[in-house]
Structure formats: structure tokens, C-alpha cells
Amino acid sequence: MERCACLSAACSSRGCLCRQQRQGPAETAAPAPAEKHVEADAAARCCAGSGGIASPRPPPPPPRCSLQDLPVELLVEIFASLPGTDLPSLAQACTRFHSLLHTDSIWRRRCREEYGLGENLQDLEVMGVSCREVYTQLLHPHRHLLGLWQLDTEPYRELLKVAVDGLGITGWKYLPPHNRRVDGRMQLKPSFRIRLTERKSATAECRAGCSSRSHSLHIQVQKDQFTTQCNRIDHRRMSGCSGTNFPNWVRAERGLEDRLLSYHHSDCLTYRRLYLPPSHPDDLIRPGLFKGTSEAGSLKIAMLSFQGKYARATKITGDPGIPAWKETLEIHLRHRIQLPNVKILRNFNVLSRIVRAMHEQVVQEQQEEEDRPEDSEGHGWQGPAQPSIGGSGAAALEEQPAHSFVLPAGVRSSDQNCPRTYRMCFYGVDMVTFYGFAYTQRFPGIVFLFDENHFGFLCLDLKCFLLYSRVQDTFRNVEAPSPQAFLEMLENVQSLPLGGAACTLKI
Ligand SMILES: [Zn+2]
């Protein structure tokens with residue numbers, strides 16, 4: 001009861017309503033000693049305004065009120081607008097609040113606003129489950145599991161999206177793309193599902209196997225990683241359903257044998273949390289996940305982020321040639337390349353000369369920067385990204401005239417459906433550490449920015465064009481809490497052993 005009295009300070013009583021409607025913000029914020037005077041004054045104005053005769057006696061002070069005096073409907077409305085995490089302590093305040101917090105509309109709103117649970121809430125009645133139970137037994141206890149994750153111990157480094165889905169929480173794994181079109185949709189397959197049982201407790205079921213019969217799964221969440229332990233390891237050994245090997249067409253094309261692609265089977269899988277890069281109004285396009293072609297012809301998933309004077313597209317999945325996180329396309333936003341006409345774009349030799357000249361300029365500038373380390377930047381979010389462009393951000397991209405795009409003669413691309421126009425191009429370097437090599441190779445070239453969802457890299461040394469297209473999916477709970485947290489995640493994941501600790505891939 002004491003806590004109710006304390007909360008009453010925040011109350012706007014029915015008696016105060018007239019005063020509040022007539023006062024300006026400055027009066028509302030007036031200090032307590034002046035309040036009585038303001039009330040009397042406001043009441044006098046109130047009566048005068050209504051045509052009445054002002055009483056010589058001051059009106060009685062408005063009655064004191066507390067939250068306890070509010071009607072049930074209003075209390076329910078207030079409670080429903082509070083974060084769900086505050087409600088348990090509110091329930092301990094008094095028996096009336098405790099009783100009111102069993103009102104299901106409060107928890108229905110919390111489920112909707114905090115977890116996006118909108119559909120199928122009517123089904124709860126049929127199942128005999130309340131929104132409060134869904135919130136307290138399912139959603140809140142598993143909130144740290146929501147987001148984007150990556151499997152730690154296999155060559156492809158499968159991505160996993162854990163999201164609220166219907167009346168449960170589902171872990172969806174992204175299958176390796178089966179075609180070479182970057183605009184194709186990502187394929188998802190359920191890996192596990194957490195749901196409420198008839199006993200109204202949450203249970204996790206493994207859905208990773210080929211068999212439609214689900215079985216129990218143990219999930220343990222730590223800060224930025226979680227492990228799943230399934231008692232049935234046979235399903236992962238069954239052909240075609242592991243999702244952890246490379247797609248069959250990659251294997252066939254590269255002549256790889258299964259033994260080369262096998263990895264240590266374990267009944268315990270570890271996933272590491274991935275953040276998507278924070279976005280900034282200066283970014284030329286929205287950062288995020290992109291599908292990209294590779295020199296080997298397979299599709300990869302890359303994460304585009306803007307970091308000061310560079311944009312970086314880091315390959316986060318593995319393939320037979322390059323481990324996950326060991327290829328980064330670095331886009332030099334301050335080294336823009338102008339190609340006056342499409343004839344130059346067709347001429348590979350002219351392009352090579354342009355890139356070589358830009359490369360030498362960049363090397364020289366980097367040398368000068370090393371001599372003046374205090375001036376170097378580009379590892380954070382500070383500073384304008386591209387001062388030479390004139391504007392900033394997506395607006396600057398839109399303002400650029402569209403130039404015709406064609407592939408230069410003799411350059412191959414595994415996806416021929418490149419956009420027909422581009423807006424801007426920059427000097428870029430693809431930095432790759434191949435399997436079996438300790439050093440990083442650098443391939444200079446030209447990065448073409450087509451539109452909000454497409455960019456591409458012309459690699460002159462390898463005479464190939466790599467096209468990138470945005471992964472069109474809805475992600476929740478994936479924003480990095482800060483730019484620093486994102487950079488730390490990048491650093492941690494890039495320092496992992498090649499292909500994961502248990503990987504036996506050798507090419
Ligand atoms: Zn299983």
C-alpha cells in the first residue's frame with residue numbers, strides 16, 4: 001500500500017483535470033507552494049468563463065487522489081502502457097494491482113508492442129493459454145535468444161534467425177543458395193521451435209532432421225552465444241538434410257569429395273550472435289546483408305557497413321575457396337572514379353590504366369598517412385564519409401545522373417543480370433585470404449553503386465565482375481547497441497580459427 005501512495009504523485013486526478021486543461025505548460029510545471037494560488041485563480045477564471053458569478057469564498061481544494069482511486073479501466077490502460085518488465089514489481093504493490101495485472105488485455109498489448117505478436121492471439125483461448133502466460137513463460141524468458149546468429153563450427157557458417165513466429169519462437173536457418181541469381185530469395189528451414197505445452201511451460205523442439213517427428217532440444221544461452229544439444233544425432237548424418245555442407249552444385253563443380261567437406265559431427269552446436277551494422281544518414285545506401293557472386297561461381301552472403309572513409313562488404317559465409325570472414329571488399333569513398341562515357345567502360349585496357357593510376361595514388365596517400373599516424377582515420381564512424389561528392393547519404397546518390405553500365409570486353413560474371421545503369425563508382429580493393437594461405441591477397445578494381453539494393457565490383461586482375469544484391473528480409477533484435485559493439489563483434493569473429501575449430505576442410 002505504501003508504494004501506491006508513492007505512485008500517487010504521478011497521478012492527474014479528476015479534480016485536477018479542469019485546472020490542467022486551462023493551464024499552459026509553464027503553469028503545469030509551477031513549484032508546489034504556488035499551486036494553491038494557481039488553482040484558485042484558475043477556478044475563478046473557469047467560473048467567469050462560464051458566465052457564472054465569482055464566489056467571494058475560494059473554492060475548496062481538489063480532493064487528494066491516488067492511483068487507487070482511478071477507475072479500473074484507466075488503471076488497466078496505464079498498466080498496459082508500461083514495459084512488461086515493470087509489471088511484476090507493480091503486482092507486489094498491493095492486492096488490487098496484483099489482481100488487476102491478471103487482466104489479459106494488458107499482456108496482449110505487451111506481447112504485441114514488445115515482441116510484434118499480433119496474429120493468432122485469438123487462438124490462445126482455444127488452447128486455454130493466456131497472453132500473460134505467453135509473455136511470462138515464453139517471450140520474456142527467451143528474449144535474449146531473438147536475433148541473428150551464426151553457426152561456429154562448420155565451413156559454410158550457416159546463418160540462423162531466431163524470431164517470434166505465431167505463438168512460438170522459431171530458429172530459421174538460411175540454406176546455402178541453390179541458384180546463382182543474386183536476386184533470388186533466401187531459402188529458410190526451421191531448425192528448432194520453442195512453444196508452450198499444455199502444462200503452460202516452454203519447451204524447445206528440434207526440427208533440424210528430415211523426419212517430421214520433432215524431438216526435444218536443450219538450449220543454453222550465454223551473453224553473445226548459445227548452444228543447442230540434441231539427443232538424436234542421426235538426423236544430421238542423413239543425406240541432404242544437414243544444411244551444413246556446401247550445396248551439391250558447388251561440390252559437383254569443384255570436384256570435391258564428401259570427405260573433404262565433412263566436419264566433426266557433434267550433438268552440441270554453438271551459435272555466435274551477429275549484429276547488423278548501425279546505419280547513419282551519411283551512408284550512401286542502407287548497410288546490411290547482401291548476396292554476392294564469387295569468383296568461383298557460388299553465392300556468398302556479405303555484410304555491408306560504412307566506417308568513416310571506407311565502406312566494407314565482408315563475406316560472412318564460407319565456400320570451398322575462401323573461409324567465412326576472410327574476404328572483405330573495401331570501398332574507398334574518398335576515391336571516386338569518373339568514367340566519362342560507356343566506351344571507356346567497354347575498354348578493359350583503359351580501365352586498367354585508370355585503376356592502376358588510382359592504386360598508386362592510394363598507396364602514396366597511405367604511405368603519407370603512416371608517416372602522420374595522428375591524421376589517420378577510417379576505423380570508426382566519425383568524420384564525413386565522402387566530402388568530394390557534394391552532398392551526403394542516400395540523397396547524394398539519388399542526385400547523381402544515371403550512367404549506362406555494360407560489362408567490359410573479356411570480363412565474366414556468373415550473374416548476367418546486372419542493372420543497366422549505375423550512379424557512382426569508386427576505387428576498391430578486394431582483400432582475400434584463401435584456404436591454405438597465411439597472407440592476404442589484394443585485388444584492386446572499381447566498385448559500381450547501382451541503386452539502394454545493388455552494387456558490384458570489377459576485379460581487373462581476375463577479369464571478373466562480382467554482383468551484390470540486398471538480402472530482402474525482415475530482421476528484429478539485430479541492431480548493434482553501438483558502433484563500438486559492432487566493431488568488437490567484427491574483430492572477435494574475424495579472429496576465429498579458419499572455418500571453425502572443428503572444421504577439417506582442406507583444399
Ligand atoms: Zn535433433
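Select helices α8 and α10 together, and look at how their axes, which are lines fitted to the C-alpha atoms over the stretch in contact, come within 7 Å and cross at roughly 45°. With angles between N-to-C directions running from 0 to 180 degrees, and with under 35 degrees counted as roughly parallel, over 145 as roughly antiparallel, 65 to 115 as roughly perpendicular and the rest as oblique, α8 and α10 are therefore oblique to each other. This is a predicted model, in which local features need pLDDT of at least 70 and side-chain atom pairs count only at pLDDT 80 or more, while totals for chains, interfaces and linings use all residues. For your selections, residues are numbered from 1 along each chain as its sequence is written. Helices (H or I, at least four residues) and strands (E, at least two) are DSSP runs, numbered from the N terminus.

Next, show the side chains where these two helices meet, taking contact to be C-beta atoms, placed from the backbone, within 7 Å of each other. On the α8 side these are Asp-104, Trp-107, Arg-108, Arg-110, Cys-111 and Tyr-115, and they meet Cys-131, Arg-132, Val-134, Tyr-135 and Leu-139 in α10.

Keep α8 (residues 104-115) on its own for a moment. The end C-alpha atoms of its twelve residues are 16 Å apart, which agrees with the 16 Å that they should span at 1.5 Å a residue, the expected span being 1.5 Å times one less than the number of residues. Which residues of α8 are buried? They are Ile-106, Trp-107, Arg-108, Arg-110, Cys-111 and Tyr-115, where buried requires 20 or more other C-beta atoms within 10 Å of a residue's own, exposed 12 or fewer, and partly exposed a count in between, with C-beta atoms placed from the backbone. The cover over these buried residues includes α5 (72-80), α10 (131-139) and β2 (159-165). Just after α8 comes Gly-116, with a positive phi near 70°.

Now add α5, whose axis comes within 9 Å of that of α8 and crosses it at roughly 25°; α5 and α8 are therefore roughly parallel to each other. Here Val-76, Phe-79 and Ala-80 of α5 meet Ser-105, Ile-106 and Arg-109 of α8.

From α10, move to the strands: this helix lies across β2, β3, β4 and β5 (202-206), and runs at about 120° to β4. Eight strands close into a barrel here, in the order β1-β2-β3-β4-β5-β6-β7-β8, with antiparallel pairing. The twist averages 35° from one strand to the next. Two strands count as paired if DSSP finds at least two bridges between them, and β3 (residues 168-174) is joined to the antiparallel β4 (residues 188-196) by seven. To see one of these bridges, select Gly-171 and its partner in β4, Phe-192.

Then travel to the barrel in which eight strands close in the order β9-β10-β11-β12-β15-β16-β17-β18, again with antiparallel pairing. In this barrel, select β15 (residues 424-432) and β16 (residues 441-451), an antiparallel pair with nine bridges, and find Cys-425 opposite Phe-448 in β16. Helix α15 (residues 348-371) lies across β12 (327-336), β15 and β16, and runs at about 110° to β16.

Finish at Gly-436, in the loop between β15 and β16. Is Gly-436 buried or exposed? Gly-436 counts as exposed because it has 10 C-beta neighbours inside 10 Å. Add Ile-322 to the selection: 114 residues separate it from Gly-436 in sequence, yet their C-alpha atoms are 9.3 Å apart in space.
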